[in-house]
Structure formats: C-alpha cells, structure tokens
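User: I should like to understand the reasoning behind the labels applied to this model. Please set each value against its criterion.

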Amino acid sequence: LRGENATLSLSEEALAKEAHAEVVEEFGVIKSCQEYWTEKGVKPKLILKEGHKFTAWVKEEVRKACNIAADSTQAWESNGGGKFSFKNPTGKNKSKGGAGSAKEVARSMLKKNPNQYFYRHTSPGVEHWMGDWTEEENELFLEVAKKHGVGNKWGLFATYIPHRVGYQCSNYYRAYFVGQGIIWDPNFSFTKYGETIWKGGRGGF
C-alpha cells in the first residue's frame, strides 16, 4: 500500500519505528545504506537525502494520451472528488469487495488517481512486460530517479518506464538499485547478511 500513498501519519511513523526496532532485535546491529556499502568499497550512482520523494506528475506524453488532468488536485476533483482512504480509495464511500478488488478498483481510477491506476496497470493498449529488466530500462530508471526523485508514488514513477507498472518499479528498486548499492537510500538499512530492511519493517515498502 505504501506505493499507492505518499505519506505516513504520525501513528504510522510510530508503528514504523517499532517495526524497525523489532528487526534490529531479530538481526542484531544493522547498518545504514551508506555504512554498509562504504565498508564494501561500493560507489553509488545516486545518493538520496532524508525525506526524498518522487516530485513529478504523470509523464506528459502519457498524460495527454490518456486525457488526464494537469495535476493531482484537478484529476481528483474533476472526477468526483471525495475523501481518500485505504478503506475508501475511490472517494465514493463504497468499495468493491471480493478477490482481486484492489486491481479492479485501480483500473477505474485512471483519470481520478493515476498513481493508483499505474501502480497496477500500464497505459491502455500498452503491453505489460513481466520478464527481466533490460540494461536500457536500468539506465532509464536511474535517469528518472535523478531527475524526479524516487521512493513513493510508484504508479506515477512507472509512467516514465514503458511497459512496467508501479509495484514492479518498487520491487525492482529495492532488490536491484538499493540491494546492489547503485542508489544509497537512507530509508533502508542492511543486515549483516546483506538483506535490505526498510525502516518501516520488512514488507512495508
């Protein structure tokens, strides 16, 4: 869910710290991204600062092709508005139940909440790739991260990576870019076994 929502409430922050403390207790002393890779002599291609985030909107070519509004406020308000929550992701005070509902709800949110849509879907008519990432994709990913930031709003991020969706970008970021020391992200720590640990606990990123 973190990939579909950009912020943490104060209570969620407290839970994140508690989860991180549990990881420390389980694995012993863990090291920051910078400490871990510095000891191994690995030089990053990008070092992120505390509080970093993705700062762009839907890629302009995708936005125009899908007839999406110019910013998030316009997109939300011009398509029904309402108050967003995880229990009410459409803002309509009702949700579809049943298996697979999150994907189907996301499908209906292309113009209202593109981040939610692109977290699970490619642009209409665009093939969804599921195989290994290419070197060209790696270079594009890093270019987008340098220009617009990274680490939240993975659906919007994915509009800059053709044929991929937000959850793929999120998973690949953690496994490859953070996991291989290509990007140093202060939101992650490392165990002595080289396992990446998001500061909110495993599974929370």
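Analyst: The model is predicted. A residue is called buried when its relative accessible area is under 20%, and exposed when that area is over 50%. Glu 137 and Arg 164 are both buried by this criterion.

User: What makes the contact between Glu 137 and Arg 164 a salt bridge?

Analyst: A side-chain nitrogen of Lys or Arg must lie within 4 Å of a carboxyl oxygen of Asp or Glu. For Glu 137 and Arg 164 the N to O distance is 2.8 Å, so the pair satisfies the 4 Å limit. The bridge links distant parts of the chain, 27 residues apart: Glu 137 belongs to helix 7, and Arg 164 to the loop between helix 8 and helix 9.

User: Why is Glu 39 called exposed, and how is Lys 31 classed?

Analyst: The relative accessibility of Glu 39 is 57%; the threshold is over 50%, so Glu 39 is exposed. Lys 31 has a relative accessible area of 30%, which falls between the two cut-offs and therefore makes Lys 31 partly exposed. These two residues form a salt bridge, with the closest N and O atoms 2.6 Å apart.

User: How do you know that Glu 104 and Arg 107 are separated by about one helical turn?

Analyst: Both residues lie in helix 5 (residues 101-107), and they are three residues apart, which means a separation of about one helical turn. Their closest N and O atoms are 3.4 Å apart, and the pair forms a salt bridge. Glu 104, at 38%, is partly exposed, as is Arg 107, at 42%.

User: Why does Cys 66 count as buried, and how many disulfides are there?

Analyst: Cys 66 has 10% relative accessibility, and the limit is under 20%, so the label is buried. Cys 169 is buried as well, at 0%. A disulfide requires a pair of cysteine sulfur atoms within 2.5 Å, and the count by this rule is zero.

User: What makes strand 1 and strand 5 edge strands?

Analyst: Three strands form an open antiparallel sheet in the order 1-4-5. Strand 1 (31-32) and strand 5 (196-198) each have a single partner strand, so one side of each lacks a neighbour in the sheet. Strand 4 (residues 188-190) pairs with strand 5 over three bridges, and Phe 190 stands opposite Thr 196.

User: Which residues touch the most other members of the largest nonpolar core?

Analyst: They are Phe 141, Phe 157, Tyr 173 and Ile 183, in a core of 41 residues. Helix 9 supplies the largest share, five residues.

How values were computed: Residues are numbered from 1 along each chain as its sequence is written. This is a predicted model: local features need pLDDT of at least 70, side-chain atom pairs count only at pLDDT 80 or more; totals for chains, interfaces and linings use all residues. Side-chain values use heavy atoms; hydrogens and water are left out. Buried means under 20% relative accessible area, exposed over 50%, partly exposed in between (1.4 Å probe, protein chains only). Two strands pair if DSSP finds at least two bridges between them. Helices (H or I, at least four residues) and strands (E, at least two) are DSSP runs, numbered from the N terminus. A nonpolar core is a set of buried Ala, Val, Leu, Ile, Met, Phe, Trp, Tyr and Cys residues joined through side-chain atoms within 4.5 Å.
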